[in-house]
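Here are a few short exercises on charged pairs and one helix. Have the structure open and work through them at your own pace.

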Amino acid sequence: MRHPTLLVLCVSSALALSACQNPKNEGEDVERALADLNVIDESNLNDIMLTVGDADEAAAYFRSAVKSNPDRIDLQRGLGQSLVRAKRPSEAVGAWKKVVSLPGATNEDRVSLADALIRAGDWEQAEAELNKIPPTHETFRRYRLEAMIADSKEEWKKADSFYETAVGLTTNPATVLNNWGYSKLTRADYKGAEDLFIQSLSYDAKRFTTKNNLILARGAQRKYDLPVISMTQIERAQLLHTLALSAIKQGDVTIGKGLLQEAIDTHPQHFEAAARALEALENNISNG
């Protein structure tokens, strides 16, 4: 928070020097310097709102800003990004549609519109927007969205091709590898899914969603031991619970019962979900 003060001091020094050198132009120099300072401060505030600020507060800030400057594409982009962060995709779609209608709009802006449309559940329109982008625009975000759309249409070969391209266009493909693995999981390609989840964890070992997906892929293959991956004690209990449910679903009830008990014993607190599942299983067995 010291940066604005430093900027004021620097500008003040510059003003003093300028006034000594050009006393007749002092008023013009003051106005120009203050205008420059306002641009610097606004730019810093915009960046803060887009990164560390509360998403809803950021959306309100940019909505107010675009009312005063409706043709400022940077502010319209900020509004679109903050609405996506705030999980308000329908409103984000409107903001990004405004962006792509303005002079200076880029192919990446249209990718952002397609992303917002997917979040809002409008897959058909998202595909139409991506089709407007020339094939020479090859970015990670574009191909990740192309892969997701191909998945939604069960066009598996296209999806695999797009996922593979997307992975090659980023230095941290953890998220896209997880998505690709989940795609394989829905196709019942459990070994392929397992391999992709393991690859994803090699880039982001803390992502619990990927760990849980990996357990689902292994459980579907009747692999009922936990893989050698980084996990906390609570995560271990949760993953054992997931594995137990997978076993029970496939008719391996005795194994599932043992895994549920292990999950309860592993969890550092009372594991309500696992305890309820074990109780229900035991009641079902005794009644049967």
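**Exercise 1.** Find which residues are linked with D56 in a network of salt bridges.

Solution. In this predicted model, D56 is joined with R63, R88 and E91 in such a network. Across the model, the count comes to 25 salt bridges.

**Exercise 2.** Work out which parts of the chain the E194–K223 pair ties together.

Solution. Start with the contact: the two side chains, E194 and K223, form a salt bridge at 2.9 Å, N to O. Next, place each partner: E194 sits in helix α11 (residues 190–203), while K223 is in the loop between α12 (208–220) and α13, so the bridge connects parts 29 residues apart in sequence. Finally, check burial, where the cut-off for buried is under 20% relative accessible area. E194, at 5%, is buried, whereas K223, at 27%, is partly exposed.

**Exercise 3.** Decide whether E235 and K211 are buried or exposed.

Solution. First, the side chains of E235 and K211 meet in a salt bridge of 2.9 Å, N to O. This pair links helix α13, which holds E235, to helix α12, which holds K211, with their positions 24 residues apart. Now apply the cut-off of under 20%: E235 has 13% relative accessibility and counts as buried, and K211, at 2%, is buried too.

**Exercise 4.** Check whether the span of helix α13 agrees with its number of residues.

Solution. Helix α13 (residues 233–249) has 17 residues, so at 1.5 Å a residue it should span 24 Å. Its end C-alpha atoms are 25 Å apart, which agrees. After α13 comes G251, with a positive phi near 90 degrees.

Terms used
Residues numbered from 1 in each chain as written. Predicted model: local features only at pLDDT ≥ 70, side-chain atom pairs only at ≥ 80, totals over all residues. Heavy atoms only, no water. Helix = DSSP H or I, 4+ residues; strand = E, 2+ residues; numbered from the N terminus. Expected span 1.5 Å × (residues − 1). Salt bridge = Lys/Arg side-chain N within 4 Å of Asp/Glu carboxyl O. Buried < 20%, exposed > 50% of the residue type's maximum accessible area, 1.4 Å probe, protein only.
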